[in-house]
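Open the model in your viewer and keep the selection tool ready. We will go stop by stop.

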Amino acid sequence: QVQLVESGGGSVQAGGSLRLSCVASGSILSAYLMGWYRQAPGKQRELVALITSAGGTDYEDSVKGRFTISRDNAKRTVYLQMNSLKPEDTAVYYCRVNSNWGQGTQVTVSS
């Protein structure tokens with residue numbers, strides 16, 4: 001019933017910025033957990049940032065101060081603003097709403 005579509009990925013140089021968007025369609029009675037995860041080649045999927053329905057946020061230590069997660073309920077969209085990007089941020093980024101997952105969007109950061 002729920003479909004998540006990510007956009008905003010691409011290739012940037014170190015120090016650059018990207019803004020990821022995740023638009024949800026279908027029936028979500030209660031979006032109590034929304035977040036962004038990433039998976040680099042040869043690595044396990046890891047949590048990057050999450051936001052609760054009450055507005056509370058948590059970040060992975062390496063992105064704290066550089067990334068900001070936000071949401072717009074009217075637009076049914078979750079955002080991830082990524083600043084001061086580093087090569088180690090290179091990964092496929094996935095959005096999550098409750099137990100639903102998007103297909104992922106590639107982020108590549110060059111030196």
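How many aromatic pairs does a search of the whole structure find? The search finds one. Keep in mind that this is a predicted model.

**Stop 1: the disulfide**

Select Cys22 and Cys95. Their sulfur atoms sit 2.0 Å apart and form a disulfide. A search of the whole structure finds one such link. Now trace the chain between the two cysteines. Cys22 belongs to strand 3, residues 18-25, and Cys95 to strand 9, residues 91-97. The two are 73 residues apart, so the disulfide links distant parts of the chain. Look along the S-S bond: the angle about it is 45°, and the link is right-handed.

Are these cysteines buried or exposed? Cys22 has a relative accessible area of 2%, so this residue is buried. Cys95 has 1%, so it is buried too.

**Stop 2: strand 9 and its partners**

Stay with Cys95 and select the whole of strand 9. Five of its seven residues are buried, so the rest of the structure largely encloses this strand.

Which strands pair with strand 9? Take them one at a time.

- Strand 4, residues 33-39, pairs with strand 9 in the antiparallel sense over six bridges. Select Tyr37: its bridge partner in strand 9 is Tyr94.
- Strand 11, residues 105-110, also runs antiparallel to strand 9, with three bridges. Here Val92 stands opposite Gln106 of strand 11.
- Strand 10, residues 100-101, pairs with strand 9 in the antiparallel sense over two bridges. Arg96 has Trp101 in strand 10 as its bridge partner.

Zoom in on the link from strand 9 to strand 10. These strands form a hairpin with two residues between them. In the turn, pick Asn98, which has a positive phi of about 55°.

**Stop 3: charges over rings**

Return to Tyr94 and add Arg45. The charged end of Arg45 sits over the ring of Tyr94, 4.0 Å from its centre. Next, select Arg19 and Tyr79. Here the charged end of Arg19 sits over the Tyr79 ring, 4.4 Å from the ring centre.

**Stop 4: Asp89**

Move to the loop between strand 8, residues 77-82, and strand 9. Asp89 lies there. Is Asp89 buried or exposed? Its relative accessibility is 0%, so Asp89 counts as buried. Show its side chain together with Arg38: a polar contact of 3.0 Å joins the two side chains. Leaving aside neighbours within four places in sequence, the residues in contact with Asp89 include Arg38, Arg66, Phe67 and Ser84.

**Stop 5: Val48**

Jump to strand 5, residues 46-52, and select Val48. At 1% relative accessibility, this valine counts as buried. What does Val48 touch? Not counting residues up to four places away in sequence, its contacts include Trp36, Arg38, Tyr59, Phe67, Leu80 and Tyr93. Add Glu60 to the selection. Glu60 is 12 residues from Val48 along the chain, yet their C-alpha atoms are separated by 5.1 Å.

**Stop 6: strand 1**

Finish at strand 1, residues 3-7. Show the side chains and watch them alternate. Leu4 and Glu6 point to one face and are buried. Gln3, Val5 and Ser7 point to the other face and are not buried. Then bring back strand 3, where Cys22 sits. Strand 1 pairs with strand 3 in the antiparallel sense, over five bridges. Select Gln3 one last time: it stands opposite Ser25 in strand 3.

Conventions: Residues are numbered from 1 along each chain as its sequence is written. This is a predicted model: local features need pLDDT of at least 70, side-chain atom pairs count only at pLDDT 80 or more; totals for chains, interfaces and linings use all residues. Side-chain values use heavy atoms; hydrogens and water are left out. A disulfide is a pair of cysteine sulfur atoms within 2.5 Å. Helices (H or I, at least four residues) and strands (E, at least two) are DSSP runs, numbered from the N terminus. Buried means under 20% relative accessible area, exposed over 50%, partly exposed in between (1.4 Å probe, protein chains only). Rings of Phe, Tyr and Trp (its six-membered ring) pair if their centres lie within 6.5 Å; planes under 30 degrees apart count as stacked, over 60 as edge-to-face and the rest as tilted. A charge sits over a ring if NZ of Lys or CZ of Arg is within 6 Å of the ring centre and within 35 degrees of the ring normal. A polar contact is a pair of N or O atoms within 3.5 Å; within protein, one must be able to donate a hydrogen and the other to accept it, and residues adjacent in sequence count only if both atoms are side-chain atoms. Contact means heavy atoms within 4.5 Å. Two strands pair if DSSP finds at least two bridges between them.
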